[in-house]
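Student: Could you take me through one part of this model in some detail? I'd like to see how the pieces there fit together.

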Amino acid sequence: MTSAHKSFAGRREPVLQGLDLDVPTGEFLVLLGSSGSGKSTLLRIIAGLDHLDRGEIDWPSVDGDTRPHTGVVFQQPYLMPWLTVRENIAFGGRFKNHRERFDIAYADELLARFGLSGLAGYYPDQLSGGQAQRVAVIRAVAVRPRLLLLDEPFSALDPATRSDLQSWLGDLARDLAFTTVLVTHDLDEALRLADRIALFGRGGTVRQQWRIADVNQDERAPLRTEILEHYRDSSLTPS
Ligand SMILES: Nc1ncnc2c1ncn2[C@@H]1O[C@H](COP(=O)(O)OP(=O)(O)OP(=O)(O)O)[C@@H](O)[C@H]1O
C-alpha cells in the first residue's frame, strides 16, 4: 500500500495521511496502536469494505487474480443464529465470488484439524464466546482467502479464553501458512503472534516497525520495553 489517504466527512483530520505499508506473503503482521489511529479503517479498506481517497493497494498478481479474496474476522463473531456451525461455515460457499474456492470437505477438514468437529451441529447460542470466535475464524479461512484480516478478534473475551485463542490462532496461521493482518491494542498479544509489528500513530501513519520473528526469548523483554516507550512517545497507551 503506497501513499494511502483517507478522510471522512465531518472530521478535521484525515484518518490516513500518506500511509505506506508492505505485507509480504506468508507474514503475520500486527497493527498496534491506540483508539482512533486508523487501524480498523485500514483493515476495512484492504478488505474492500471501504475505499481510499488517494493512494494505491498494489496486490501481487497470482493466477491473474489482481484483487484477491480476503477473509475478515471482527470483534464479534457475527454468526447466523438460525444456522449450525457447519452451515455457518458452508454459507460462504453460497456467494458467487467465493463459490469456486469453497469446498465443503475442506471446511470439515478445518473443523477437525483445529479441534472443532464436536461443535459442527451446534447453533451459535450454544457456543461460548471463545468457541464462536473460533468458528468465525474457520468461516473466514474456509473460502481460502489470500489474506486473513482480524480486527481485535479477542478483545471481548476473558483473559484465559483470550490466551487460549491467541495460541490457537498462532498455530492455525502457521499451519495454513496464511498471510495475516491482525489489529490490536494489546502489546503482549502482538508480541505473541507477530512476525512483524507496525505501530500506528495518530493521523494514520506507521511510526515504527519491528521484526519479531527472529527475536529470541532473552531479547523479548527489552524489546517489549522499547516498543512500550515508542507507544508512550506517540501519546498512545496500550490497554
Ligand atoms: N465511517 C466513518 N465516518 C466518520 N468517521 C469515521 C468513520 N469510520 C471511522 N471514523 C473515524 O476515524 C478515526 C479512525 O477510526 P478507526 O476505527 O480506523 O481507528 P482504530 O485505530 O481502529 O480505533 P479502535 O482501536 O478504537 O478501533 C476515528 O476517529 C473514527 O471516529
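Tutor: Sure, let's start at the β8–β9 hairpin, keeping in mind that this is a predicted model. Strand β8 covers residues 196–201 and strand β9 covers 205–211; the two run antiparallel and are joined by six bridges. One spot to click on is Ile197, which sits opposite Trp210 in β9. Now follow the chain round the turn: three residues lie between the strands, and among the hairpin's residues Gly203 has a positive phi near 80 degrees.

Go back to Ile197, since it also leads inwards. The largest nonpolar core has 53 residues, and Ile197 is among those with the most contacts inside it, along with Val30, Leu31, Val135, Val137, Ile138 and Ala194. Helix α5 (residues 129–141) gives this core its largest share, seven residues. The core also takes at least three residues from each of domain 1 (1–60 + 146–239) and domain 2 (79–144).

Leu31 brings us back to where we began. Leaving out residues up to four places away in sequence, Leu31 touches Lys39, Leu42, Val181, Val183, Ala198 and Phe200.

For another antiparallel arrangement, look at the open sheet of three strands ordered β2-β1-β4. Here β2 (16–19) and β4 (54–56) are the edge strands with a single partner each, so one side of each has no neighbour in the sheet. Ignoring direction, neighbouring strands in this sheet are turned by 25 degrees against each other on average. Between β1 (residues 2–6) and β2 there are three bridges, and His5 has Gln17 of β2 as its bridge partner.

Notes:
Residues are numbered from 1 along each chain as its sequence is written. This is a predicted model: local features need pLDDT of at least 70, side-chain atom pairs count only at pLDDT 80 or more; totals for chains, interfaces and linings use all residues. Two strands pair if DSSP finds at least two bridges between them. Helices (H or I, at least four residues) and strands (E, at least two) are DSSP runs, numbered from the N terminus. Axes are lines fitted to C-alpha atoms, for helices over the stretch in contact, and angles run from 0 to 180 degrees between N-to-C directions. A nonpolar core is a set of buried Ala, Val, Leu, Ile, Met, Phe, Trp, Tyr and Cys residues joined through C-beta atoms within 7 Å. A residue is buried if 20 or more other C-beta atoms lie within 10 Å of its own, exposed if 12 or fewer, and partly exposed in between; C-beta atoms are placed from the backbone. Domain bounds come from an automatic or database domain assignment. Two residues are in contact if their C-beta atoms, placed from the backbone, lie within 7 Å.
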